[in-house]
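Student: Please guide me through this model by means of questions and answers.

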Amino acid sequence: MKPRNHFKFLSLSLILTLAVGLYNCKPTPSEPEIPKFEEDFKGVKLPDVTPTTPKAATTTAASIQTSTAVSGVATAAAAGPSAPAIVSATTNMQKIVSATEAAELVAAFTPAVISNLQTTGALPADLSIKVNAIASNPAFAAYLPKVTLPTVDGKVVTGAVKESTFDKNQPLITFPNYSVAAITSPCTDAAQAAYNTKKAEIDAARATQVASVTNTYTTAVTAANASGASCSSAIPGKYATLKTGAATELNAGLAALLSAKAILGESNYNLLVLLYYSAYVTNLNALSNLQTAELNACATLVTASIANAAAARDADLANITVNYNSQMSTLQSILTAGFQKCHDQGQG
């Protein structure tokens, strides 16, 4: 009987040992595998924005054309008072001044007065008033110069130009970082990390694009200022040459009239000399006004060029912002979907 009890004891012990062994061999539950969130963000990138070349501002130069009727007087002087050009000129001048007034005004143009006129562009006040009255008389219209004012982008430039100001440091819209999941876990941390990496990449791309656009604007401004300086520096020389040419025409005309004085007669001679002086003063005034207008046109050209550059810059920056907003929205959607994956796995 004892051996049988011993066998039962051994069997029971063996069964317990096997049971414990099987229990200990049961696999431990593993954590759910964390998705590769980097793949979800892989296709997101900031679209390229090539800086826009600013629209070029256009300009046309001023010009002046002296009246052929004035030069025709000197050419016809030698033919005497009956020459058509002489008859027309003396008749027109007689509508404006008398022979006596003409002689007095001619005498007022002394060498000192003419020298000061050529140096400063100014006449004595009383003489200036009388000459301006002659020039504004309809009978003198044929002897006025033809003047064309400068333009910038098709607009005539005459008076003073006020420099426009542009905000060269416009702030970009800032975007808050999206918050992490309400309940964190290794899974949600991985999703957030993938998001942060991609956002940093897009932020860097935006910074590069903004810098490129800003550099294009700065380059355009520098070029506009340099062009304006070159334009302005050329104007004084241009008008000095034109004023010298006007003086040469005056002297040639007076010389031709003096040579024909005996044929023309004293009265006609004074009328015609006064015509030449009046035309010369009118030309100098026109040249001074044109010089101011062209200097203003140079400044206006700079302003217009900078305005065009600013418009191109602002449009590009707006485009970058729109693209950035779009990509941020996409990143947020992907991040939200990633958090949902974690939740579905019971990790968040």
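Student: At what angle do helix H6 and H10 pack?

Tutor: This is a predicted model, in which local features need pLDDT of at least 70, side-chain atom pairs count only at pLDDT 80 or more, and totals for chains, interfaces and linings use all residues. Residues are numbered from 1 along each chain as its sequence is written, and side-chain values use heavy atoms, with hydrogens and water left out. Helices (H or I, at least four residues) and strands (E, at least two) are DSSP runs numbered from the N terminus; axes are lines fitted to C-alpha atoms, for helices over the stretch in contact, with angles from 0 to 180 degrees between N-to-C directions. Helix H6 covers residues 111–120, its axis and that of H10 are 11 Å apart, and the two pack at an angle of about 20 degrees.

Student: How are H6 and H10 oriented relative to each other, and what is the hand of their crossing?

Tutor: Angles under 35 degrees count as roughly parallel, over 145 as roughly antiparallel, 65 to 115 as roughly perpendicular and the rest as oblique. H6 and H10 are therefore roughly parallel. A crossing is left-handed if the near helix is turned anticlockwise from the far one by less than a right angle, and right-handed if clockwise; that of H6 and H10 is left-handed.

Student: How do the axes of helix H3 and helix H8 meet?

Tutor: Helix H3 spans residues 68–77 and helix H8 residues 186–259; their axes come within 8 Å and cross at roughly 30 degrees. H3 and H8 are therefore roughly parallel to each other. H3 passes H8 in a crossing that is left-handed.

Student: Which residue of helix H10 forms a salt bridge with Asp40?

Tutor: A salt bridge is a side-chain nitrogen of Lys or Arg within 4 Å of a carboxyl oxygen of Asp or Glu, and the structure holds 6 of them. In one of these, the closest N and O atoms are 3.1 Å apart, and Asp40 is paired with Lys341. Asp40 belongs to helix H2 (residues 37–41) and its partner to helix H10, so the pair ties together parts 301 residues apart in sequence. The partner of Asp40 is Lys341.

Student: Is Glu294, the partner of Lys238 in a salt bridge, buried or exposed?

Tutor: The closest N and O atoms of Lys238 and Glu294 are 2.6 Å apart. Lys238 lies in helix H8 and Glu294 in helix H10, so this salt bridge ties together parts that are 56 residues apart in sequence. Buried means under 20% relative accessible area, exposed over 50%, and partly exposed in between (1.4 Å probe, protein chains only). Lys238 is partly exposed at 30%, whereas Glu294, at 6%, is buried.

Student: How many residues apart are Lys199 and Asp203 in helix H8?

Tutor: The side chains of Lys199 and Asp203 meet in a salt bridge, with 2.8 Å from N to O. Lys199 is buried at 8% relative accessibility, while Asp203 is partly exposed at 24%. Both residues lie in helix H8, separated by about one helical turn, being apart by 4 residues.

Student: How far apart in space are Gln327 and Pro47?

Tutor: Gln327 is found in helix H10, which covers residues 266–344. With 13% relative accessibility, Gln327 counts as buried. In sequence Gln327 and Pro47 are 280 residues apart, but from C-alpha to C-alpha the separation in space is 9.0 Å.
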